Amino acid sequence: MSYDKNQPFEQRMKVNIAETKFEEYCKKQNIQFYKYGIDNHSFGNLFYNVNKIFRNTPDYIILNPKTKQSHLVEVKGCKDNLGIKLTDLKSYDFWRSLSGLYYCIYSTTFNELRMISHETLKSVVEGCEINQYPDFNRYDQKLYYEIPFKEL
């Protein structure tokens, strides 16, 4: 199954290939990881009442045993282009203020994984097109940067 941003959230989360690839990468690199983010919740639509900062908690904490440094990691899946919501990026700015923040981005089209810093992602989005996800609601219009995977 490949990632498709047009699928409902529940369908996308059934099989999260990007997280599987991230965990495989960490094991190969001898990087310890801890699943940290909020995936499974029973709030349903009430989840929108949770502060967006908490809803956008990064997915993992990693620890490099050599350097003893920990970082947060947000894992994203895509095909040819990565979508990052403008409002989510503001939340990630907050998390970056607390810790190093990286993104693990996996493309099913290219079968490639990229690890980039928050600072790198912010510099890349400056020249990207802004679009709107089709499933917006009154809580979130879901405007997003569309980033070609090959530019990451």
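Contact here means heavy atoms within 4.5 Å. By that criterion, and leaving aside residues up to four places away in sequence, Asn81 touches Glu146, Ile147, Pro148 and Phe149. The structure discussed is a predicted model.

**Overall architecture**

The secondary structure of the protein amounts to five helices and eight strands. Read from the N terminus, the order of these elements is α-α-β-α-β-β-β-α-β-β-α-β-β. The protein has 152 residues, of which 39% count as buried. If contacts in the protein are restricted to residues at least 6 apart in sequence, 60% of them join residues at least 24 apart.

**Asn81 and the C-terminal residues it meets**

Asn81 lies in strand S4, which spans residues 81–85. Its neighbours Glu146, Ile147 and Pro148, among the residues it touches, belong to the numbered range of strand S8 (143–148). The C-alpha atoms of Asn81 and Tyr145 are separated by 9.5 Å, although the two residues are 64 residues apart along the chain. Asn81 counts as partly exposed because its relative accessibility is 31%, and the buried class requires a value under 20%.

**The pairing of helices H4 and H5**

Helix H4 comprises residues 86–98 and helix H5 residues 118–125; their axes come within 11 Å and cross at roughly 150°. H4 is therefore roughly antiparallel to H5, since angles over 145 degrees fall in that class. The crossing of the two helices is left-handed. On the H4 side, the contact is made by Leu89, Tyr92, Asp93 and Arg96, and on the H5 side by His118, Glu119, Leu121, Lys122 and Val125. Sorted by class, this contact of H4 with H5 holds four nonpolar, one polar and four charged residues.

Glu119, one of the H5 residues in this contact, is partly exposed, with a relative accessible area of 41%. The C-alpha atoms of Glu119 and Arg96 are 9.1 Å apart, and the two residues are separated by 23 residues along the chain.

**The buried side of H5**

Which residues of H5 are buried? They are His118, Leu121, Val124 and Val125. These residues lie on the same side of H5, because they cover an arc of only 125° around the axis. An α-helix has 3.6 residues a turn, so residues three or four places apart point the same way. The buried residues of H5 pack against H4 and against four strands: S4 (81–85), S5 (100–107), S6 (112–117) and S8 (143–148). Strands S4 and S8 thus appear again in this part of the description, both as partners of the buried residues of H5.

**Loop residues with positive phi**

Asn30 and Asn111 are residues other than glycine with a positive phi value. Asn30 is found in the loop between helix H2 (17–28) and strand S1 (32–35), whereas Asn111 sits in the loop between S5 and S6. Both count as exposed, because their relative accessibilities are 52% for Asn30 and 51% for Asn111, and the exposed class begins over 50%.

The table sets out the accessibility of the individual residues discussed above.

| Residue | Relative accessible area | Class |
|---|---|---|
| Asn30 | 52% | exposed |
| Asn81 | 31% | partly exposed |
| Asn111 | 51% | exposed |
| Glu119 | 41% | partly exposed |

How values were computed
Residues numbered from 1 in each chain as written. Predicted model: local features only at pLDDT ≥ 70, side-chain atom pairs only at ≥ 80, totals over all residues. Heavy atoms only, no water. Axes fitted to C-alpha atoms, helices over the stretch in contact; angles between N-to-C directions. Parallel < 35°, antiparallel > 145°, perpendicular 65-115°, else oblique. Left-handed = near helix turned anticlockwise from the far one by under 90°. Nonpolar A, V, L, I, M, F, W, Y, C, P; charged D, E, K, R; others polar. Buried < 20%, exposed > 50% of the residue type's maximum accessible area, 1.4 Å probe, protein only. Arc of directions from axis to C-beta.
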